[in-house]
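This report describes how the parts of one protein chain are packed. Please keep the sequence and the structure in view while reading.

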Amino acid sequence: RRDGFWPWLFVLPLLFGVGVFYIWPILQTTYFSFTTSGAFGQGVTWVGGDNFARMFADPQLYQARGNTVIYTGIVLLGIPLAVWLASLINTPGLRFAALYRVLFFLPYVAMPTAIALVWRIIFNGDFGILNYVLSLFGITGPYWISTPGFALIAVSIVGLWSSLGFSMIILGAGLKNIPPELYEAAELDGASRSRQFRSITVPLLSPSIFFVFIITTISSFQLFDLLYALL
């Protein structure tokens, strides 16, 4: 209050964006969840909690929740892989390390729709690349994105692949904060590379691993656009 309106003037653009694109959609969605309307939003009628009652009575809700949990579990399996890859990329003296980081991070910044279109071609049951590779070994591949069971595996593979780059960047930043003197002391004591990884890298990297775990879990439970475009 002592500074007058100047702080509000500088914060106003951010407050406007938050209000328009976050707060208002939340309030609008909350209101519409208690109503019903026509196909094009015509004839909005207040129905109270009927929508929630029908939703919890639908057996597909629990199947969808189970599929989401399975998908999240498979995507979280990429965290140990990201730790291992980040350790390899951050090896001292590694050539083209920056290029490797960019290549791994590109899927994370790409549009989900574009990623889905590419993977739809890969998973195509008739002329997909994956089934072609399997046919070279005498294996007949299924229709990945239209067969129950295989569709969940296919979506999980895409989710794991697209989130791997983000996890590697965060974990790579955490690796840079580990003092190199610890590795030098461990090497002088005769510790092997694997023992250094287990006893130094993983324990000191646990805050970054926990952060990646939380972010990956949240993004997995919010999955929609990639799944919608892929299936």
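T140 sits in the loop that joins helix 7 to helix 8. Because its relative accessibility is 74%, T140 counts as exposed. T140 is separated from I121 by 19 residues in sequence, and the C-alpha atoms of the two are 17 Å apart in space. It should be kept in mind throughout that this is a predicted model.

Another loop residue deserves attention. F96 belongs to the loop between helix 4 and helix 5 (97-109). Its phi angle is near 60°, which is a positive value in a residue other than glycine. F96 is exposed, its relative accessible area being 51%, where the cut-off for exposed is over 50%.

**Aromatic pairs**

The aromatic rings of the model form 13 pairs. In one of them, the ring centres of W119 and W161 are 5.4 Å apart and the ring planes stand at 65°, so the pair is edge-to-face. W119 is part of helix 6 (residues 112-123) and W161 is part of helix 8 (residues 150-176), so this pair ties together parts that lie 42 residues apart in sequence. W119 counts as buried at 14% relative accessibility, whereas W161, at 36%, counts as partly exposed.

A further pair is made by F123 and W144, with ring centres 6.0 Å apart and planes at 45°, so the pair is tilted. F123 lies in helix 6, while W144 lies in the loop between helix 7 (129-136) and helix 8, so the pair links parts 21 residues apart in sequence. F123 is buried, with a relative accessible area of 2%, and W144 also counts as buried, at 11% relative accessibility. Elsewhere, ring pairs join Y31, F32, F34, W46 and F52 into a cluster.

**Helix lengths**

The table sets out the lengths of three helices, with the span from end to end taken between C-alpha atoms.

| Helix | Number of residues | Expected span | Span in the model |
|---|---|---|---|
| Helix 3 | 18 residues | 26 Å | 26 Å |
| Helix 8 | 27 residues | 39 Å | 39 Å |
| Helix 11 | 16 residues | 22 Å | 22 Å |

For helix 8, the distance between the end C-alpha atoms agrees with the expected span at 1.5 Å a residue. Helix 8 nevertheless has a bend of about 35° at L164.

**Two helices with a buried side**

Which residues of helix 3 are buried? They are L61, Y71, T72, V75 and L76. These residues cover an arc of only 130° around the axis, which puts them on the same side of helix 3. A general property of helices is relevant here. An α-helix has 3.6 residues a turn, so residues three or four places apart point the same way. The face of helix 3 turned away from the buried side carries the exposed residues P59, Q63 and V69. The packing partners of the buried residues of helix 3 are helix 2 (50-57), helix 4, helix 8 and helix 11.

In helix 11 (residues 206-221), the buried residues are S208, V212, T216, T217 and S220. Viewed down the axis of helix 11, they fall within an arc of 165°, so they line one face of the helix. P207 and F210 are exposed on the other side of helix 11. The buried residues of helix 11 pack against helix 3, helix 4 and helix 8.

T72 gives a detailed view of this packing. T72 is located in helix 3 (residues 59-76) and, at 4% relative accessibility, counts as buried. Residues up to four places away in sequence aside, T72 touches T217, S220 and F221.

**Nonpolar cores**

In soluble globular proteins, nonpolar side chains tend to be buried together. In this model, the largest nonpolar core has 17 residues, of which M168 and L171 touch the most other members. The elements that contribute two or more residues to this core are helix 4 (78-89) and helix 8. Helix 4 gives the most, with 6 residues. Which residues does M168 contact, leaving aside its neighbours within four places in sequence? M168 is in contact with A82, L85, A86, I89 and F104. Apart from the largest core lies another core, of 13 residues, including Y71, I115, F123 and V155.

Conventions:
Residues are numbered from 1 along each chain as its sequence is written. This is a predicted model: local features need pLDDT of at least 70, side-chain atom pairs count only at pLDDT 80 or more; totals for chains, interfaces and linings use all residues. Side-chain values use heavy atoms; hydrogens and water are left out. Rings of Phe, Tyr and Trp (its six-membered ring) pair if their centres lie within 6.5 Å; planes under 30 degrees apart count as stacked, over 60 as edge-to-face and the rest as tilted. Helices (H or I, at least four residues) and strands (E, at least two) are DSSP runs, numbered from the N terminus. Buried means under 20% relative accessible area, exposed over 50%, partly exposed in between (1.4 Å probe, protein chains only). The expected span of a helix is 1.5 Å times one less than its number of residues. The bend at a residue is the angle between axes fitted to the seven residues ending there and the seven starting there. Contact means heavy atoms within 4.5 Å. A nonpolar core is a set of buried Ala, Val, Leu, Ile, Met, Phe, Trp, Tyr and Cys residues joined through side-chain atoms within 4.5 Å. The arc is that of the directions from the helix axis to the C-beta atoms.
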